[in-house]
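Subject: Structure handover

Hello,

Here is the structure you will be working with. My notes on what was found in it follow below.

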Amino acid sequence: MAKIKNIYLNNFRNFKVLEFSTDKKSNILYGDNGSGKTNILESISLIAKGRGFRNTVLSNLIKNNENNFLIKSILEINNNDYEVDIFLKNDKNKLRKIITINQDSSKESIDFINSSLSFLIFLPEMERLFQSSPSYRRNFIDRLIFSENNKYNRLINKYKIKIVERTKILLSNYYDKSWINHIETEITELGLKIYETRKLKLQSLNQNLEELNLSNDYQFKIKLKLKDNFYDSNINHEIYLSKLSSCREYDKKFGGSKIGPHKSDVSAIINNDFDASLLSTGQQKTIVLMMLLAQCKNLITNKNIEPILLFDEICSHLDSNNRKILLDIINQFEIQLFLTGTEKSLFSFISTNVNLYNITDL
């Protein structure tokens, strides 16, 4: 099990200095809006690969009028403690995030931490998951995939780079046909891998959601489906590559690529009857929490991964259905949670193994 035992922030976001223990199973951060609760969750998410769950420009993480920030934490993995430091380094006029593990920044140390850590995240805007844009839903599913495969972001980033490279080639007056054929072959291979990975993730979620409904009296039954005007089970390398080639003039005119996994969407059919987009925000929150519970179950049962949960402003629209799901997450699994909300009283239903911190007073 991975557990964060304490957090120290210096010149991070709105905090000059902040330090507190996080050694309990449930760590509840409450306080006024704007007090920095979400900033603390963001600092924790930076321990993993990338720029945190906000994907923020790194310079914006530094407190105003300061030159750098420092995040320090003690990370317990399999009963061993590791000191983690995170800060920025200016490398050829470009800021890079640096992580050291026991003062070691070697690839082996970073790979060890990355392979030992997994985060599942809830943000308030997810309450409108099925009324937001297709890209937001794709990113939500991709984040679930990343929680079990931290190399998945390389696949996504490489695909995006190749799409941009192809667009630049198409916009040039003269280009080498063999070179664009090579780029399109790479895009095809990467695109098919992304399609297949997302398809398998949705199948896994559907299976785990079905199993959860068999053992719990939840309000909704959910069936997730990949929506894509191009992709289906018959698509292979030859068909994909041919279609990509035939779209060159269209893509030259409009940019990007007319086909590919960046055009996909995800739908959810509720109780075999209607689309999740018709649900209220509170009901959509139920769907999201059920999906996170299903992924939690999958990680622990099938992947031997115990995620850390970062749930921001979790108490809005927390009716009896959503409270039950949240308690099931807390009670069923031996995992660490970080929960934020505006008032202490909102968390009265969580009674054991809890740290409570009033961020307004820190």
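F311 stands opposite L339 in β12. The two strands concerned, β11 (residues 308–311) and β12 (residues 337–341), run parallel and are joined by three bridges. Strands here are DSSP runs of E with at least two residues, helices are DSSP runs of H or I with at least four, and both are numbered from the N terminus. Two strands count as paired if DSSP finds at least two bridges between them.

The model is predicted, so local features need pLDDT of at least 70 and side-chain atom pairs count only at pLDDT 80 or more, while totals for chains, interfaces and linings use all residues. Residues are numbered from 1 along each chain as its sequence is written, and side-chain values use heavy atoms, with hydrogens and water left out.

The open sheet

β11 and β12 belong to an open sheet of five strands in the order β7-β11-β12-β3-β13, with parallel pairing. At the edges are β7 (119–122) and β13 (354–358), each of which pairs on one side only. From one strand to the next the twist averages 15 degrees. For angles, axes are lines fitted to C-alpha atoms (for helices over the stretch in contact), and values run from 0 to 180 degrees between N-to-C directions.

Two helices on the sheet

Helix α1 lies across β3 (26–30), β7, β11 and β12, and runs at about 160 degrees to β12. Helix α8 also packs on the sheet, where α8 touches β7 and β11 and its direction makes about 175 degrees with that of β7. Contact means heavy atoms within 4.5 Å.

Is α1 buried or exposed? Nine of the nine residues of α1 (residues 37–45) are buried, so the helix is largely enclosed by the rest of the structure. Buried means under 20% relative accessible area, exposed means over 50%, and partly exposed is in between (1.4 Å probe, protein chains only). Among the buried residues of α1 are K37 and E42.

E42 also has a contact with T56. T56 sits in the loop between α1 and β4 (70–77) and counts as buried at 10% relative accessibility. Along the sequence T56 and E42 are 14 residues apart, and their C-alpha atoms are 9.6 Å apart in space. Leaving aside neighbours within four places in sequence, T56 is in contact with R13, R51 and L61 as well as E42.

α8 and its surroundings

α8 (residues 281–302) packs with helix α3 (residues 134–146) at an angle of about 20 degrees, with their axes 11 Å apart. The two helices are therefore roughly parallel, the cut-offs being under 35 degrees for roughly parallel, over 145 for roughly antiparallel, 65 to 115 for roughly perpendicular, and oblique for the rest. On the α3 side the contact involves F140, I141 and L144, which meet V288, M291, L292 and Q295 in α8. These residues divide into six nonpolar, one polar and no charged. Nonpolar covers Ala, Val, Leu, Ile, Met, Phe, Trp, Tyr, Cys and Pro, charged covers Asp, Glu, Lys and Arg, and the others, Gly among them, are polar.

L293 is found in α8 too, and is buried, with a relative accessible area of 0%. Not counting residues up to four places away in sequence, L293 touches L212, Y218, I325, D328, I329 and F333. The C-alpha atoms of L293 and N213 are separated by 11 Å, with their positions 80 residues apart along the chain.

The antiparallel strands

Strand β8 (residues 222–227) and strand β9 pair in the antiparallel sense over six bridges; K225 has S267 in β9 as its bridge partner. On β9, I269 has D275 in β10 as its bridge partner. β9 and β10 (residues 274–275) form an antiparallel pair over two bridges and a hairpin with three residues between them. Five of the six residues of β9 (residues 265–270) are buried, so β9 is largely enclosed by the rest of the structure.

Positive phi

Most residues other than glycine have a negative phi. In the hairpin turn, N271 has a positive phi of about 55 degrees. N102, in the loop between β6 (95–101) and α2 (107–116), also has a positive phi of about 55 degrees, and counts as partly exposed at 39% relative accessibility. H317, in the loop between β11 and α9 (320–332), has a positive phi near 55 degrees and is partly exposed at 43%.

Regards
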